[in-house]
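Biologist: I've got a protein chain open and I'd like to know where the words people use for it come from. Can we go through them one by one?

Modeller: Sure, here it is.

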Amino acid sequence: MHWAINRAFEVLEKYDLWDTYVGLRQLRMICDNQDVYYTTFPFRGRIRERYVRTSDDIKVLTVDRRALGDTAMHKHLIAHGLGHHFLHQGNHCHLHTLYLDKQEIEAEQFAAVLLVPPGVLRSEDSWTPKKIALRCRVPTNVAARRFRIMERVGM
Ligand SMILES: [Zn+2]
């Protein structure tokens, strides 16, 4: 499952974000550059995000409007959708607190690395998941995943 992590490293390099705190502006820039149309929708229930790629290669990433007031969640959902864009074929729907299948876990790994680049982690060495969450403005579960990845791959 390392390949999702490596793919995120490649994307960070491609967009010169290796040492950058990745925010909404950078995520939107990646969407634009990849011809991924970004939009929002008032989803209901547990749906938080949806990534669709049509057979004629129109790509749409739709984020739940409930995320608009929560920067950490908003960033996470775009980064997760970009994970499917860069890693997978077909359409994907993201449900709140459900990461059961392999592709969902891969998209989560991709998102964690994309939102917390290695260069940012290198800037100091006493990281904790909580500190990553606060400093990089990501949800705590994303920060915890990124912390585990850092321990496993060394960056
Ligand atoms: Zn997903």
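Biologist: What share of the 155 residues of the protein chain count as buried?

Modeller: That would be 36%. A residue is buried if 20 or more other C-beta atoms lie within 10 Å of its own, exposed if 12 or fewer, and partly exposed in between, with the C-beta atoms placed from the backbone. Keep in mind that this is a predicted model, where local features need pLDDT of at least 70, side-chain atom pairs count only at pLDDT 80 or more, and totals for chains, interfaces and linings use all residues. Residues are numbered from 1 along each chain as its sequence is written.

Biologist: And P42, is that buried or exposed?

Modeller: P42 has 7 other C-beta atoms within 10 Å, so it's exposed. You'll find P42 in the loop between β1 (36-41) and β2 (47-53).

Biologist: How do you know what to call a helix or a strand, and how many are there?

Modeller: Both are DSSP runs, numbered from the N terminus: helices are H or I with at least four residues, strands are E with at least two. Here that gives seven helices and four strands. Along the sequence the pattern reads α-α-β-β-β-α-β-α-α-α-α.

Biologist: What makes the chain as compact as a globular protein of that length?

Modeller: Its radius of gyration, taken over C-alpha atoms, is set against the globule rule, which is 2.2 Å times the number of residues to the power 0.38. The chain has 14 Å and the rule gives 15 Å for 155 residues; those are close, so the chain is as compact as a globular protein of that length. The C-alpha atoms fill a box of roughly 45 × 30 × 30 Å along the principal axes.

Biologist: Now the sheet. In what order do the strands come?

Modeller: The order is β1-β3-β2-β4, in an open sheet with mixed pairing. Two strands pair if DSSP finds at least two bridges between them.

Biologist: Which are the edge strands, and what makes them edges?

Modeller: β1 and β4 (92-95), as each pairs on one side only.

Biologist: How do you know what "mixed" refers to here?

Modeller: Look at the pairs. β1 and β3 are parallel over six bridges, while β2 and β3 (residues 59-64) run antiparallel with five bridges. In the parallel pair, F41 stands opposite D64. In the antiparallel one, V52 faces V60, and E49 has V63 as its bridge partner. β2 and β3 also form a hairpin with five residues between them, and D57 in the turn has a positive phi of about 65°.

Biologist: Why are α3 and α4 called oblique to each other?

Modeller: Angles under 35 degrees count as roughly parallel, over 145 as roughly antiparallel, 65 to 115 as roughly perpendicular and the rest as oblique. Helix α3 (residues 71-87) and helix α4 (residues 102-115) pack at about 120°, with their axes 8 Å apart. The two are therefore oblique. Those axes are lines fitted to C-alpha atoms, for helices over the stretch in contact, and angles run from 0 to 180 degrees between N-to-C directions.

Biologist: Which other helix has an axis that comes within 8 Å of the α4 axis?

Modeller: Helix α1 (residues 2-14), crossing α4 at roughly 35°. Residues making that contact include F9 and L12 of α1 and F110 and L114 of α4. Being in contact takes C-beta atoms, placed from the backbone, within 7 Å.

Note on methods
Contact = placed C-beta atoms within 7 Å.
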